[in-house]
Amino acid sequence: MSPSRTFASTSAGGRTASGMPTGGTVADASAAAAGKPSLMLRRHIKAPPAKVYDAWTRPEQLAKWWGPEGSEVGTAELDVRVGGRFRIRFATPDGERHGVGGAYREVVAGERLVFDWAWQSTPERVSLVTLRFAPDDDGTLFTLIHEQFFDEQARTGHERGWTSSLDRLAAHLEAAS
């Protein structure tokens, strides 16, 4: 299996003739029911699930790979427990500064994280992110589901950002192996 294959799917309310959501996961179905765009990315990463999980839950690890290519993390505060909050601030190569944060809704060490997601610039646009970490051959099948986007433009922008971030995550973990 290649070290960094990415699979993407989206949902924006597709339904069969009987009204059932078309394809996807339960998460996609709930987003479809709400009529809001969603995004799912899957990636095989050549690192065990515990290491991939740590890269998401340890600030010093997250700071090494977070954001689109060329981004630099200035702040990574992660209180990884149900009800705990996170805040990440980073700068992109063009000098723009961004801040994002939210609260953890579900934490299953080494297996699953679910958290709210809101940009500092648009705090009223809260979406939901689910991360899954599953053993897969010589590494981890990592799944990211991002639901309840404000609109299709937001989904498209996040797809670009997440794809680049996951490229950086895979490279970081595979270099450390």
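User: How do the residues of the lining of the largest cavity divide into nonpolar, polar and charged?
Analyst: The model is predicted: local features need pLDDT of at least 70, side-chain atom pairs 80 or more, while totals use all residues. Numbering runs from 1 along each chain, and side-chain values use heavy atoms, without hydrogens or water. The cavity (1 Å grid points over the protein atoms alone where a 1.4 Å probe fits but cannot get out; lining atoms within 4 Å of a point) has a lining that divides into no charged, no polar and ten nonpolar residues (Ala, Val, Leu, Ile, Met, Phe, Trp, Tyr, Cys, Pro; Asp, Glu, Lys and Arg are charged, the others, Gly among them, polar).

User: Which residues line the largest cavity?
Analyst: Tryptophans are among them: W56, W66 and W117. The lining also includes F86, F115 and Y104. The list is completed by I88, L62, L78 and L113.

User: Which element gives the largest share of the lining of the largest cavity?
Analyst: Two elements (DSSP runs numbered from the N terminus: helices H or I, at least four residues; strands E, at least two) give two or more residues each, β4 (85–91) and β6. The largest share is three residues, and its source is β6.

User: Which residue forms a salt bridge with D167, and where does it lie?
Analyst: The closest N and O atoms of this salt bridge (Lys or Arg side-chain nitrogen within 4 Å of an Asp or Glu carboxyl oxygen) are 2.9 Å apart. D167 sits in helix α4, and its partner is 124 residues away in sequence. That partner is R43, in strand β2 (residues 38–45).

User: Is R43 buried or exposed?
Analyst: D167 has a relative accessible area of 38%, so it counts as partly exposed (buried is under 20%, exposed over 50%; 1.4 Å probe, protein chains only). R43 has a value of 0%, so it is buried.

User: What does the salt bridge between D138 and K46 tie together?
Analyst: The N to O distance is 3.7 Å. D138 is partly exposed at 44%, and K46 is partly exposed at 34%. D138 lies in the loop between β7 (127–136) and β8 (139–147), and K46 in the loop between β2 and α2 (49–57), so the pair ties together parts 92 residues apart in sequence.

User: Which residues are linked with R155 in a network of salt bridges?
Analyst: R155 counts as buried at 7% relative accessibility, whereas E152 is partly exposed at 38%. Their side chains meet at 2.8 Å, N to O. Both are in helix α4, three residues apart, which means about one helical turn separates them. The network links R155 with E152 and E159.

Note on methods: On a 1 Å grid over the protein atoms alone, a cavity is a set of points where a 1.4 Å probe fits but cannot get out, and a pocket is an open set with protein on both sides within 12 Å along at least five of seven lines; lining residues have an atom within 4 Å of a point.
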